[in-house]
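Student: I should like to take a close look at a single part of this structure, the surroundings of the ligand. Could you then lead me outward from there to the rest of the protein?

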Amino acid sequence: MKKLEEIQKELEVIELNAKKLEPASEILDDWTEKALSYAKEFLGNLSDSRVFTTKDDSASFFSKERLPEKGIEMNELMQQLKKHVIDPGLNPASGGHLGYIPGGGLYPAALGDYLAAVTNKYAGIFFAGSGAVRLENFLLRWMAGLFAYPESAAGHLSSGGSIANLTAIVTARDAKNVSSRNIPQSAIYHTNQVHHCIDKAIRIAGLAEAPRRIIRMDSHFRMDSNHLRTWIAEDIARGIQPFLIVSSVGSTDTGAVDPLEEIADIARDSGAWLHVDAAYGGFFALLNEFKPAFAGIEKSDSIVVDPHKGLFLPYGVGAVIVRDGAALHRSHQYQANYMQDALGNNDEWSPAELSPELTKHFRGLRMWLPLKLFGLGPFRASLHEKILLTRYFYETVRTWPHFETGPYPDLSVAIYRYRSGSDDNAKNLKLAERIRNSGKVFISTTRIDDTVWLRLAVLSFRTHRDTIDTLLEELRREVQFI
Ligand SMILES: *Cc1c(COP(=O)(O)O)cnc(C)c1O
């Protein structure tokens, strides 16, 4: 009895301290207001803020950083956040971000994240969050519908395109019975323009020893389907099984869309799994104008799209959709005794059975909220605007003396370069650096067959005609200094 009383006494004392983790509502309101006021200031200043800042004292700050035993004032933390975390480097929320594949950050998605965190709804398992799981599966079915996948399709909202591609490749590996016995006889086909995360996924999936066939491209950097057909025929003749074809709908470097219709036929005839990496370009399927460019995608076996690219959401959500949902399930389902209440007898698969994750952020909410609040119309308009802005830029630069443009853009990425006849690679790198240092717009470069190209990538919902005009002005000015 003595022991029990001692415990009760100790609890009384310790509870007071532990309950500090649930402050009074005035304190919560105060913190919320201060965080919101920082967010408002950030958004209010965004159009005048630098898109790229090289000044960075985060190293000296974090080398001295210690976690306090007692809490620190919210305002001070907001100041530290701004100065040492948000300000240095690239500002992906800015419409002036025209490099890599630009980010977005639709505001209602932040509200979705906030509500997902406050409620901490469990979205991994149907038993714990049937509504949350249904919401995510609804979004996945909507995306599957965009690509005319059948009812049998299933998918998963991942943290991004890289994990989504890994999930698809693991599914393909298992569906095609590729294991240690036959990896060296199971060939993988792609161009050298696939995203580097494909190479990473192949290695992580244990497939590094699979023969890799780098397929030639046409003058538009699209996969040459004749070369693919020839190589597959040669492999079959040699007793090598064509296992996986990875195509791109919107390659990262040039935005090129591979000829899916032809590739899909080759995949079907050879028995290879066709994976489409549409992380960048997938949501252009929302535009009627692009239906023909996507023709054949419905015959693929798996697709990756990135809502944190083409739907302008903040970083942290990609999606994989597999045509035969049962194959995705076979590769990722599991059984555990401590989960015995939670599994089985459900009318929907749970994300935890379709991906490597168990507990996860309720990502669907950040996607559902903006799509419902805005409706699809503004998304279609913004995607269409990105296409037009890219063509506007391309048609302008094309007429400039000493500038060369790459192929006509398939989507919203265009490559171009300054040409003087000597030292052009170095000059283009310098031009890009000077433009980045202006802080007004951010551009990136790439190297294709030893030629340096400047890239324009338009995908932020905050990029409009005036942003492109600023880039054109900067190019005209800075080219005089290289
Ligand atoms: C961005 C991108 C990826 C990688 O996606 P993350 O979300 O950055 O992990 C893969 N493929 C393509 C074509 C991409 O543009």
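Tutor: Let us begin with helix α7, which supplies 3 residues, the largest share of the shell around the ligand. Please keep in mind throughout that this is a predicted model. Helix α7 covers residues 161-175, and α12, at 307-310, is also an element that gives at least two residues to the shell.

The shell around the ligand numbers 15 residues, and those that come nearest are Gly161, Ser162, Asp277, Asp306 and Lys309. By chemical character, the shell divides into 8 polar, 4 nonpolar and 3 charged residues.

Specific polar atoms can now be considered. Asp277 places a polar side-chain atom 2.6 Å from a nitrogen atom of the ligand. In the case of His308, an N or O atom of the side chain is 2.7 Å from a ligand oxygen atom. For Lys309, a polar side-chain atom lies 2.8 Å from an oxygen atom of the ligand. As for the cover that the ligand receives, it exposes 380 Å² when taken alone, and the protein buries 86% of that.

Helix α7 also leads us to a neighbouring helix, α13. The elements that cover the buried residues of α13 include α7, together with β3 (154-158), β7 (273-278) and β9 (318-322). Helix α13 spans residues 325-332 and is mostly covered, with 6 of its 8 residues buried. The buried residues in α13 are Gly325, Ala327, Leu328, His329, Ser331 and His332.

From here we may turn to the nonpolar interior. The largest nonpolar core holds 65 residues, and within this core Met143 and Ile245 touch the most other members. Helix α6, residues 130-146, contributes 8 residues, the largest share of this core. Apart from that core lies another one of 28 residues, and Leu166, Val194, Leu207 and Trp273 are among them. The contacts of Ile245, leaving aside residues up to four places away in sequence, are Tyr189, Met223, Leu228, Ile232, Ile263, Ala267, Ala272, Trp273, Leu274 and His275.

Next, consider a residue in a loop. Asp410 sits between β10 (403-405) and β11 (413-418). Asp410 counts as buried because its relative accessibility is 17%, and the cut-off for buried is under 20%. The side chain of Asp410 reaches the backbone nitrogen of Val257 at 2.9 Å. Not counting residues up to four places away in sequence, Asp410 touches Val257 as well as Arg222, Gly255, Ala256 and Phe290.

Two further loop residues deserve attention for their backbone angles. Tyr100 is found in the loop between β2 (89-90) and α5 (107-119). The phi angle of Tyr100 is near 40°, a positive value in a residue other than glycine. Tyr100 is classed as partly exposed because its relative accessible area is 47%, which falls between the limits of 20% and 50%.

Asp450 occupies the loop between β12 (444-448) and β13 (451-457). Here too phi is positive in a residue other than glycine, with a value near 70° for Asp450. Asp450 counts as exposed because its relative accessibility is 60%, and exposed requires a value over 50%.

To return to the part you asked about, the protein buries 86% of the area that the ligand exposes when taken alone, and α7 gives the largest share of its shell.

How values were computed:
Residues are numbered from 1 along each chain as its sequence is written. This is a predicted model: local features need pLDDT of at least 70, side-chain atom pairs count only at pLDDT 80 or more; totals for chains, interfaces and linings use all residues. Side-chain values use heavy atoms; hydrogens and water are left out. A residue is near a molecule or strand if one of its heavy atoms lies within 4 Å of it. A polar contact is a pair of N or O atoms within 3.5 Å; within protein, one must be able to donate a hydrogen and the other to accept it, and residues adjacent in sequence count only if both atoms are side-chain atoms. Accessible areas come from the Shrake-Rupley method with a 1.4 Å probe; for residues, only the protein chains shown count as cover. Helices (H or I, at least four residues) and strands (E, at least two) are DSSP runs, numbered from the N terminus. Ala, Val, Leu, Ile, Met, Phe, Trp, Tyr, Cys and Pro count as nonpolar, Asp, Glu, Lys and Arg as charged, and the others, Gly among them, as polar. Buried means under 20% relative accessible area, exposed over 50%, partly exposed in between (1.4 Å probe, protein chains only). Contact means heavy atoms within 4.5 Å. A nonpolar core is a set of buried Ala, Val, Leu, Ile, Met, Phe, Trp, Tyr and Cys residues joined through side-chain atoms within 4.5 Å.
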